[in-house]
Amino acid sequence: MDDPKEGERDAMEAAPLPFRAAVDALRAARLRPQIEIDPTKAPRRLAPFAYALEAAVVDGDEDLADGRLILLHDPAGHDAWQGSFRMVTLVRAELEPEMASDPLLPDVCWSWLTGALKARGLSYGEPSGTVTRASSHYFGGLSERPSASQIEIRASWTPREGLGGVPDTASHLASWCDLLAQIAGLPPAAPGDASVVTLPQRRGPQSR
């Protein structure tokens, strides 16, 4: 049977140099210790080349937030992206029900994303996404469980390409981790955008 990791190495060796450099920067990035991050299988139909990471904000035995970040690359460029690279993300966390009922919550959550990019001085274009909140109420045999509310941010943006056509993926990853930490309710690791509001976090989406 073929070794899947060997196949991934072969695919990376065949990838264009800008994509390989962008992935190397992601792999070398240093992040705050509360965030556990690992490579994961990337989707194959979104772009000719893709690399994916999954992460969780961990506090003791709880995951306070989790998410996935995907780097896409199309050497020929993409009209919708207005560039040859695209960052795609999913971030989610549980909130206290009274906080989830705040009508301004979707706007605040979107400001977490744009504020995280702005705080690190990153240039980007064509942002798009959705903020979804959902509530779960339990009945019957599950009626003893407390109601739960979850917030989910799905977004994508085009990072500005630098020298050699390579975007600063390490800084985009760091800003994404800032977003994860913020949605988890952790204090900022460095001074950020004062216009961004942080909501306190109490429960994690899953136990480890």
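The legends below accompany close-up views of a predicted model.

**General notes.** Residues are numbered from 1 along each chain as its sequence is written, and because the model is predicted, local features need pLDDT of at least 70 and side-chain atom pairs count only at pLDDT 80 or more, while totals for chains, interfaces and linings use all residues. Side-chain values use heavy atoms, with hydrogens and water left out.

**View 1. The protein as a whole, with five helices and seven strands.** Helices (H or I, at least four residues) and strands (E, at least two) are DSSP runs, numbered from the N terminus. Read from the N terminus on, the elements follow the order α-α-β-β-β-β-α-α-β-β-α-β. Of the 208 residues, 39% count as buried, where buried means under 20% relative accessible area, exposed means over 50% and partly exposed lies in between (1.4 Å probe, protein chains only). Among the contacts with a separation of 6 or more, 66% are made by residues 24 or more positions apart, a contact being heavy atoms within 4.5 Å.

**View 2. Helix α2 (residues 17-28) and its buried side.** The twelve residues of this helix should span 16 Å at 1.5 Å a residue, and the end C-alpha atoms are indeed 16 Å apart, which agrees; the expected span is 1.5 Å times one less than the number of residues. The buried residues F19, A22, V23 and L26 belong to α2. They cover an arc of only 95 degrees around the axis, which puts them on the same side of α2, the arc being that of the directions from the helix axis to the C-beta atoms. On the face turned away from the buried side, α2 carries the exposed residues L17 and A28.

**View 3. P18 in helix α2 and its partners in contact.** With a relative accessible area of 23%, P18 is partly exposed. Once its neighbours within four places in sequence are left aside, P18 is in contact with F85, G164, G165 and V166. One of these partners, F85, is 67 residues from P18 in sequence, yet the two C-alpha atoms are 9.7 Å apart in space.

**View 4. The packing of helix α2 against helix α5.** The two helices pack at an angle of about 45 degrees, and their axes are 8 Å apart. That makes α2 oblique to α5, since angles under 35 degrees count as roughly parallel, over 145 as roughly antiparallel, 65 to 115 as roughly perpendicular and the rest as oblique. Axes here are lines fitted to C-alpha atoms, for helices over the stretch in contact, and the angles run from 0 to 180 degrees between N-to-C directions. The crossing of α2 with α5 is right-handed, a term used if the near helix is turned clockwise from the far one by less than a right angle, whereas an anticlockwise turn is left-handed. On the α2 side the residues that meet α5 are A22, A25 and L26, and their counterparts in α5 are T169, A170 and L173.

**View 5. Helix α4 (residues 105-119) against helix α5 (residues 169-184).** The axes of these two helices come within 8 Å and cross at roughly 140 degrees. That makes α4 oblique to α5, and α4 passes α5 in a right-handed crossing. From α4, the residues W112, L113, A116 and L117 meet H172, S175, D178, L179, Q182 and I183 of α5. S175, which lies in helix α5, counts as buried at 2% relative accessibility. Leaving out residues up to four places away in sequence, S175 touches A116, L117, R120 and L122.

**View 6. Helix α4 and the glycine that follows, G121.** The 15 residues of α4 reach 20 Å from the first C-alpha to the last, close to the 21 Å expected at 1.5 Å a residue. Buried in this helix are L105, V108, C109, W112, L113, G115, A116 and L117. G121, which follows α4, has a positive phi near 70 degrees.

**View 7. Q82 and E126, two residues other than glycine with positive phi.** Q82 is found in the loop between β3 (62-78) and β4 (83-95), has a phi near 60 degrees, and counts as exposed at 58% relative accessibility. E126, in contrast to a loop position, has its place in strand β5 (residues 124-136); its phi is near 50 degrees, and at 42% relative accessibility E126 counts as partly exposed.
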